[in-house]
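Colleague: I'm new to this one and would like to know how the labels are earned. Could you walk me through it?
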Amino acid sequence: MKLIVFDCDGTLVDSQHMIVAAMERAFVVHGLITPPREEILSVVGLSLSTAVSRLVPDMEAARVEQLAEDYKAAFGDLRRDPGNHEPLYPGVRELLHELGARDDVLLGVATGKSRRGVAAILARENLGALFHTIQTADTHPSKPDPSMLMTAMSEAGCAPHETLMIGDTTFDMDMARAAGVRAVGVSWGYHPAEALTEAKAHVLVHDAETLMSELRAFVTGTESPV
């Protein structure tokens, strides 16, 4: 049995516009100048409080937590607006269904998103039944701590050599390396492809079709050596 774990934002779904808009609203509430879009996207993948701390490193802890709460409230408002959407990336739905139909694969999620946020996306896309294990920032330290992957492997009964992590950020690559699992970077997300390579991604892919080929090779044991 193989365990394939996905990051969420920037890997499965493109939520950048809502993330940036929600962060802008939260900063306005606190009378702060909103960081540039690129800076906001650079911290996507971290747990929310950790991400906010990186954006405003001199802010006291209590205010960081309040800004994080204001971000969550703004994101919830945006999600309830039918004009806003977090679309799946091209080919992701088909990839997940192909993997979910196999009897030698278990699927997981490891994300800095809240469990509520992940549940909303999977319910909207009717994908929840495909995932065996879902690990979120609600119950784990922020990436790149390997806690999420260690728990996912425990729940799936899979060892590190039987596990693969897919993500779009250096935090995902670092987490995978820390957990001793194969790290696959996707270039369609929020960190530059060269940053994923520098973070020692075992493989870097640019589209879902190539990713599926890599995953088939991993499941059958024919992937390129680490």
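Modeller: Happy to! Let's begin at Gly180, just after helix α8, where phi is positive at about 75°. Keep in mind that this is a predicted model.

Colleague: What makes helix α8 mostly covered?

Modeller: Helix α8 spans residues 170-179, and seven of its 10 residues are buried. Buried means under 20% relative accessible area. Among the residues of α8 that meet this are Phe171, Met173 and Met175, and Ala179 is another.

Colleague: Why is Cys8 called buried?

Modeller: The cut-off is under 20% relative accessible area. Cys8 has 3% relative accessibility, so Cys8 counts as buried. Cys158, at 7%, therefore counts as buried too.

Colleague: And how many disulfides are there?

Modeller: Zero. A disulfide needs a pair of cysteine sulfur atoms within 2.5 Å, and by this rule the count comes to zero.

Colleague: Why is strand β3 described as largely enclosed?

Modeller: Strand β3 covers residues 131-135, and four of its five residues are buried, so the rest of the structure largely encloses it.

Colleague: How do you know that strands β2 and β3 pair?

Modeller: Pairing takes at least two bridges between two strands. Four bridges join β2 (residues 105-110) to β3, so by that cut-off they pair, and the two run parallel. Within this pairing, Val109 stands opposite Ile134 of β3.

Colleague: Which elements make the β-α-β unit?

Modeller: Strand β2, helix α6 (residues 115-124) and strand β3 make the unit, and it is right-handed.

Definitions and conventions:
Residues are numbered from 1 along each chain as its sequence is written. This is a predicted model: local features need pLDDT of at least 70, side-chain atom pairs count only at pLDDT 80 or more; totals for chains, interfaces and linings use all residues. Side-chain values use heavy atoms; hydrogens and water are left out. Buried means under 20% relative accessible area, exposed over 50%, partly exposed in between (1.4 Å probe, protein chains only). A crossover is right-handed if, with the strands pointing away from the viewer, the path from the first strand over the helix to the second runs clockwise.
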